[in-house]
Amino acid sequence: MSDLAKGQSIEEKQYLLRFNADTKSHLTVLDAEVCMSSCPDKICTIFCPAEVYKWEEIRMHVGYEGCHECGSCRIGCPHQNIKWEYPKGGHGIVFRLG
């Protein structure tokens, strides 16, 4: 780990990330009704380190532009209601400082 990255908070480290977002999301909530009726805890809003998923009264908003591409949502949704794909080539997260 570089000396620059040592001792930094998560927020400071996340600031080093840059994104080249596509115009089309690589994340898809397959059935909005599942989120509304079968998932009272909206667990994806908790486990996503990038806070991509936000519950907005009657729907799940997916802010794919800030996705860290960690794949947590691929395995974390208890209803397997999130489709995760790699972003199109040349798009997605850009890591700075390794």
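What share of the contacts in the protein with a separation of 6 or more comes from residues 24 or more positions apart? The share is 63%. Please keep in mind while reading that this is a predicted model.

## Getting your bearings

Let us start with the overall layout. The protein has 98 residues, and 30% of them count as buried. Its secondary structure consists of 4 helices and 6 strands. If you follow the chain from the N terminus, the elements come in the order α-β-β-α-α-β-β-α-β-β. About 6700 Å² of the protein is exposed, and 53% of that area is supplied by carbon and sulfur atoms.

## The nonpolar core

Now for the inside. In soluble globular proteins, nonpolar side chains tend to be buried together. Here, the largest nonpolar core holds 14 residues. Those touching the most other members are Leu27, Val52, Tyr53, Met60, Val62, Cys73 and Ile82. Two strands, E4 (59-62) and E5 (82-84), each supply at least two residues of this core.

Isoleucine 82 is a good residue to pick out in the viewer. Which residues does isoleucine 82 contact, leaving aside its neighbours within four places in sequence? They are Thr28, Leu30, Cys44, Tyr53, Cys73 and Cys77. Two of these partners, Tyr53 and Cys73, are also named among the core residues that touch the most other members.

## A hairpin in the middle of the chain

Next comes a strand pair. Strand E3 (residues 53-56) runs antiparallel to E4, and 4 bridges join the two. In one of the pairings, tryptophan 55 has methionine 60 in E4 as its bridge partner. That methionine appears in the core list above as Met60.

E3 and E4 form a hairpin, with 2 residues between them. Glutamate 57 sits in this turn. Its phi is near 60°, a positive value in a residue other than glycine. Is glutamate 57 buried or exposed? Glutamate 57 is exposed, because its relative accessible area of 74% lies over the 50% cut-off.

## The loop before the hairpin

Step back along the chain to the loop between helix H3 (44-47) and E3, where you will find proline 49. This proline is partly exposed, at a relative accessible area of 40%. Its C-alpha atom is separated by 7.8 Å from that of histidine 68, although the two residues are 19 residues apart along the chain.

Glutamate 51 lies in the loop between H3 and E3 too. Like the glutamate in the hairpin turn, glutamate 51 is a residue other than glycine with a positive phi, here near 55°. Glutamate 51 counts as exposed, at 53% relative accessibility.

## Salt bridges

How many salt bridges does a search of the whole structure find? There are 3, and the table sets them out.

| Residue pair | N to O distance |
|---|---|
| Lysine 54 and glutamate 51 | 3.8 Å |
| Glutamate 56 and arginine 59 | 3.2 Å |
| Lysine 83 and glutamate 85 | 3.6 Å |

The accessibility of each partner adds to the picture. In the bridge of lysine 54 with glutamate 51, the lysine is partly exposed at 38% relative accessible area, while the glutamate is exposed at 53%. In the bridge between glutamate 56 and arginine 59, glutamate 56 is partly exposed at 35%, and arginine 59 is partly exposed at 42%. In the bridge between lysine 83 and glutamate 85, lysine 83 counts as partly exposed at 41%, and glutamate 85 is partly exposed at 34%.

## An aromatic pair

One more pairing is worth a look. The structure contains 1 aromatic pair. It is made by tryptophan 84 and tyrosine 86, whose rings are 4.8 Å apart centre to centre, with 70° between the planes. The pair is edge-to-face, because 70° is over the 60 degrees that this arrangement requires.

Which of its partners is buried and which is exposed? Tryptophan 84 counts as buried, at 9% relative accessibility, whereas tyrosine 86 is exposed, with a relative accessible area of 61%.

How values were computed:
Residues are numbered from 1 along each chain as its sequence is written. This is a predicted model: local features need pLDDT of at least 70, side-chain atom pairs count only at pLDDT 80 or more; totals for chains, interfaces and linings use all residues. Side-chain values use heavy atoms; hydrogens and water are left out. Buried means under 20% relative accessible area, exposed over 50%, partly exposed in between (1.4 Å probe, protein chains only). Contact means heavy atoms within 4.5 Å. Accessible areas come from the Shrake-Rupley method with a 1.4 Å probe; for residues, only the protein chains shown count as cover. A nonpolar core is a set of buried Ala, Val, Leu, Ile, Met, Phe, Trp, Tyr and Cys residues joined through side-chain atoms within 4.5 Å. A salt bridge is a side-chain nitrogen of Lys or Arg within 4 Å of a carboxyl oxygen of Asp or Glu. Two strands pair if DSSP finds at least two bridges between them. Rings of Phe, Tyr and Trp (its six-membered ring) pair if their centres lie within 6.5 Å; planes under 30 degrees apart count as stacked, over 60 as edge-to-face and the rest as tilted.
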